[in-house]
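Hi,

Here is the structure I promised to pass on. Have a look at it first, and my notes on its empty spaces follow below.

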Amino acid sequence: MSNAPTELFVSEPRIPAPAVSVLVPICNVERYLEECLDSLLAQTFSDFEAICINDGSTDGSRAIIQRYLDADPRFRVIDKPNSGYGASMNLGLDHAAGAYIAILESDDFYEPNALELLVSAARANLSDVVKADFYLYWSQPEPRDELFGILDERQVGRTMRPLDDVAIFFRKPSIWSALYKADFLRARGIRFLETPGASYQDAGFNFKVWASAERATFISQAILHYRQDNEKSSVNSAAKVFCVCDEYASMQKFVEGLSENRALLFGILVRMKFDSYMWNYDRLAPELREEFAIRIAGEFNEDLAAGRLDFDLFEPWAGSDLWALMHDPVEFNEHRATFIAPGKLNTFKHYYRIGGLGLVAQVIACKLSKGSIRRTNERGGAL
């Protein structure tokens, strides 16, 4: 065990002007950290610095970091008292010396050619951001990878403005399977919300990137293994319930500060918010759900009154759920358990209850035609 840092310490860069700064946020992750950092040592692209941001670790993580600092001048450290993921990432952004920024979570690990693929695409296409695919990874009971499928054929191989094809906004906010031009992030003021813990801050960063980018390049290769062994399946802390609301309030403030595309971005943002809130709601401890439903129903009614809702972005089932939630969140909460229960039949029972056979027919037709503007499946991948 090691003592948590009591004050901020930032080590100086030891290599001149690296092409890439890889930000590695670290907090009590000794079990996975070596595999993560070893994947950086194995990179075929060597012109990078790795900034290990130690967020008050009390386990053996700091000692592991030190071994890499001693062995390779490309590794740097930021030691800080624990203040959360957003604060860690913003410190990393502030001290990054690279022309590009990459993010590698400390329980994940790169493919050996990850940085080479990302940098090559960014340079060839003068990209603000390059987005790649990734693997879901399980280490138990046997190591196993599953390609996530974050992109579809309309995106792969293209460089485009995300607002010209909004589907990418609705995909899983996998900010670590991407590369960002540092000057782009700074010029657009793209940073993380500094809320406690590590909940939802990736959503705001992801939205601001897609809202601001003029040149986003999409590549098909999977560059990273996204660990599933460390996932938590539900939220049982009342203190964390409304963190997601804080994150979306920050995104709304960001759009309000823009001079262009505000109506389009508000519509996208509210649709994203509905997906995020429902994902969060379904994983809450049952005793926390009604309070959350009441809170978010109020938000969506405010969005409706302010003209921020774009119902063209809502499929029939999503629009019906939204109306039911806005109309009576208490009743919505009472009946949502039917939808959450396993089995397609329960899903159709839910939609029959709120919209009759007509809604059931619309849901079936829309799903069969794959006509959604979002082109996004239930887990946040490409449809």
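One convention before the notes: Ala, Val, Leu, Ile, Met, Phe, Trp, Tyr, Cys and Pro count as nonpolar, Asp, Glu, Lys and Arg as charged, and the others, Gly among them, as polar. Please also keep in mind that this is a predicted model.

With that convention, the lining of the second largest pocket splits into five nonpolar, three polar and four charged residues. The pocket holds about 180 Å³ of space. Its lining is made up of Arg161, Leu163, Arg188, Ala211, Ser212, Ala213, Glu214, Leu258, Ser259, Glu260, Asn261 and Leu265.

I looked at one of these lining residues, Glu214, in more detail. Glu214 sits in the loop that joins α6 (201-212) to β11 (216-227). Is Glu214 buried or exposed? Neither label applies: its relative accessibility is 44%, so Glu214 counts as partly exposed. Beyond its neighbours within four places in sequence, Glu214 makes contact with Asp128, Met160, Arg161 and Arg188. Of these partners, Arg161 and Arg188 also appear in the pocket lining.

Now to the enclosed spaces. How many cavities of 30 Å³ or more are there? The count is two.

The largest cavity has about 40 Å³ of space. Around this cavity lie Val129, Lys131, Ser174, Ile175, Ala178, Tyr180, Phe205, Asn206, Val209 and Trp210. β7 (129-138), β10 (178-181) and α6 each contribute at least two lining residues, and α6 has the largest share, with four. By type, the lining has seven nonpolar residues, two polar and one charged.

The second largest cavity has about 30 Å³ of space. Tyr248, Gln252, Phe266, Leu269, Val270, Lys273, Asp303 and Arg308 form its lining. Two or more of these residues come from each of α7 (243-256) and α8 (262-283), with α8 giving the most, four residues. Here the division is four nonpolar, one polar and three charged.

Finally, some overall figures for your setup. The protein chain has twelve helices and eleven strands. Its radius of gyration is 21 Å, which agrees with the value near 21 Å for a compact globule of 383 residues. The C-alpha trace spans about 65 × 45 × 45 Å along its principal axes. Buried residues make up 55% of the chain. The accessible surface comes to about 16,700 Å², and carbon and sulfur atoms account for 51% of that surface.

Happy browsing, and best wishes!

Technical notes
Residues numbered from 1 in each chain as written. Predicted model: local features only at pLDDT ≥ 70, side-chain atom pairs only at ≥ 80, totals over all residues. Heavy atoms only, no water. 1 Å grid on protein atoms, 1.4 Å probe; cavity = no way out; pocket = protein on both sides within 12 Å on 5 of 7 lines; lining within 4 Å. Points joined across faces, edges and corners; volume = space filled by probe spheres on them. Buried < 20%, exposed > 50% of the residue type's maximum accessible area, 1.4 Å probe, protein only. Contact = heavy atoms within 4.5 Å. Rg over C-alpha atoms; globule rule 2.2 N^0.38 Å. Areas by Shrake-Rupley, 256 points an atom, 1.4 Å probe, with all protein chains shown as cover.
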